[in-house]
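Visitor: I am new to this structure. Please pick a single part and take me through it closely, then show me what surrounds it.

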Amino acid sequence: MFDTKQLSHYIDGEWVEGGEFTSVINPATKKEIVQIPLADASKVDEAVATAKRAQKEWALVPAPQRAEVLFEVGRLMKEKKEHLANALTLENGKVLEEARGEVQEGIDMAFYMAGEGRRLFGHTTNAELKDKFAMSVRAPVGVVGIITPWNFPIAIATWKSFPAIVAGNTVVWKPATETPIMAFELAKIFEQAGLPKGVVNVVFGKGGTVGDAMVHHPDIRVISFTGSNETGSHIAGECGRQLKKVSLEMGGKNAVIVMDDADLSLAVEGILWSAFGTSGQRCTACSRVIVHEKVKDELEQRLLTEMKKLTIGNGMDEANKVGPIINQAGLDKINDYMKIGKEEGAILLAGGFELTEGDFAQGYYFAPTLFTDVKIDMRIAQEEIFGPVVSLIPVGSFEEAIEANNDVAYGLSSSIFTNDVNQVFKAQRDLDTGIVYVNAGTTGAEIHLPFGGTKGTGNGHRDSGVQALDVFTEWKAVYVDYSGKLQRAQIDTE
Ligand code: UN1
């Protein structure tokens, strides 16, 4: 069990003090689990100076050797999987089964990126002149700043830090203050795996101080951020002015489309899992169901029946399938949308309230909620709620379904349940999202594929997959002229 009382920052391979301590709360019990120090900007300066120094040597370590450390990180994560999953449930609240899944996602990423140490492919190509060689190679960018959210505190950290490390960068990492234990545990694993001092540095603190200092530090060359649209847009503006590379992943308003020929039992399972798993606190969570009017009534009935069976409570109890909401602010936001939905004229079929009776009073719980007869322009159909709330939007055709899916500011994930092969292929072409599922819910991305989305979800970059390497490397074109004379490109080509 996790029994450390106070955590420290991790800079240059040392656990260091700095800043006032604040409590971290278990969302299932509202009890303090640990305290973390909140750093000021000077800690970021320290961490960046260290990372800059370490990067010079790290970049010269051959990539397959850098990868050896990641193989060991993966092995250690596997060995500690149960411990990590328990600590994750403690600080984040997600049920143990899901916590194990998230840790597994990190393990997968470790082995996948370790494999990249022997690839990191560039291209060789023909030069236009005689006795001249041309190639492009990936070069590390330098010091990268990563800012990670509380909802996937270990998986998302691995999506960003592992490709950065294998590519020869060093890292300054600000984890969410709600979930520092995963950062502490991962830093310990890096240390144990033999990662040289200063390659990864962890600074605990608030976005307004630590995050801001990272974004403005001239020696941080890349910022990779996952979190809210509001913060991400601010970061993008600041980085843009400094011509700093920035990769953003900022959520979604993901829909499951259920066509009239769909396997309804399967659709219901997919909706329940992607809407109420993690209490809806995933960027990929299903928060809209776009349903063909011919099957709307039946789908509603089936959803209501199955929703009643969901077991809600402390994620440490394996019998529970839906855990708590992260904190009071999370609950308040969901409550606000209940009012908004009702005022807009949506019909509340189930849930809509906080759970406060009996054991629920100990934590932050919200009942799985279903609105129906939702119109596409209602705020509950447009804005990210980040809770166990689904809006049913009836449509009359496939074309209308696609249009409804695309008619939001986000574009992360989408899904369609149908057995019509023509609709499947049209949907994967026309759904304007970075991830498309067919006959599955909107969650469950695998780490060797690109993760990210269109429109308000991001700024064109991707986490995970081989594509993540584009965030953490610069392309360098190299020409070697072995003719022994000056050959002018575009001119001496005769
Ligand atoms: C997130 O919600 O930010 O596809 C990440 C999924 C998970 C990752 C979610 N593999 O739902």
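Guide: Start at Arg100. Its relative accessible area is 22%, so Arg100 counts as partly exposed; the cut-off for buried is under 20%. Keep in mind that this is a predicted model.

Which residue does Arg100 pair with in helix H3? Look for Glu82. Arg100 and Glu82 form a salt bridge, with 2.9 Å between the closest N and O atoms. This pair ties together distant parts of the chain: Arg100 sits in helix H4, Glu82 sits in helix H3, and their positions lie 18 residues apart in sequence. Glu82 is partly exposed as well, because its relative accessible area is 39%.

Arg100 has another partner. Glu318 also makes a salt bridge with Arg100, and here the closest N and O atoms are 2.8 Å apart. So where do these partners fall in the domain assignment? Domain 1 covers 9–250 plus 458–478. Domain 2 covers 254–438. Arg100 therefore belongs to domain 1, as does Glu82, while Glu318 belongs to domain 2. The pair of Glu318 and Arg100 is a salt bridge, and three salt bridges are counted between the two domains.

Stay at this boundary. Polar contacts cross it too: six residue pairs qualify between domain 1 and domain 2. Now look at the side of domain 1 that touches domain 2. Helix H3 (81–92) and helix H4 (96–116) each give at least two residues to that side. H3 contributes the most, with five residues. What is the make-up of that side by class? It has nine charged, eight nonpolar and seven polar residues.

Step back for the scale of the boundary. The centres of domain 1 and domain 2, taken over C-alpha atoms, are 31 Å apart. Contacts involve 24 residues of domain 1 and 28 residues of domain 2. Together the two domains bury about 2,200 Å² between them, and 58% of that lies on carbon and sulfur atoms. Which three residues supply more than any other three of the area that domain 1 buries against domain 2? They are Lys30, Glu98 and Trp150, with 24% of it.

Return to helix H4, the helix of Arg100. Glu105 lies in H4 too. Is Glu105 buried or exposed? Glu105 is buried, because its relative accessible area is 15%, and buried means under 20%. Who is around Glu105? Setting aside neighbours within four places in sequence, Glu105 contacts Phe152, Ala155, Thr158, Trp159, Ala445 and Ile447. Ile156 gives a further reference point. Glu105 and Ile156 are 51 residues apart in sequence, yet their C-alpha atoms are 8.9 Å apart.

Now set the Arg100 pairs beside others. The count of salt bridges comes to 26. Helix H10 (residues 296–307) offers a useful contrast with the link from H4 to H3. In H10, the side chains of Glu300 and Lys296 meet in a salt bridge at 3.2 Å, N to O. Why can these residues be described as about one turn apart? They are four residues apart in H10, so about one helical turn separates them. Glu300 is buried, with a relative accessible area of 8%. Lys296 is buried too, at 13%.

H10 holds another such pair. Arg302 and Glu298 form a salt bridge, their closest N and O atoms 2.9 Å apart. Arg302 has 29% relative accessibility, so this residue counts as partly exposed. Glu298 is partly exposed at 40%. Arg302 and Glu298 are again four residues apart in H10, about one turn of the helix. Elsewhere, Glu72, Arg75 and Glu79 are joined into one network by salt bridges that share partners.

End with two backbone details. Most residues other than glycine have a negative phi. Asp131 has a positive phi of about 50 degrees, though it is not a glycine. Asp131 sits in the loop between strand E5 (123–126) and strand E6 (132–140). Its relative accessibility is 39%, so Asp131 is partly exposed. Gln490 is not a glycine either, and its phi is positive at about 70 degrees. Gln490 is found in the segment after strand E23 (473–481). Gln490 is exposed, because its relative accessible area is 65%.

Notes. Residues numbered from 1 in each chain as written. Predicted model: local features only at pLDDT ≥ 70, side-chain atom pairs only at ≥ 80, totals over all residues. Heavy atoms only, no water. Domains from an automatic or database assignment. Contact = heavy atoms within 4.5 Å. Buried area = accessible area lost by both parts, 1.4 Å probe. Salt bridge = Lys/Arg side-chain N within 4 Å of Asp/Glu carboxyl O. Polar contact = N/O pair within 3.5 Å; in protein donor to acceptor, adjacent residues only side chain to side chain. Nonpolar A, V, L, I, M, F, W, Y, C, P; charged D, E, K, R; others polar. Buried < 20%, exposed > 50% of the residue type's maximum accessible area, 1.4 Å probe, protein only.
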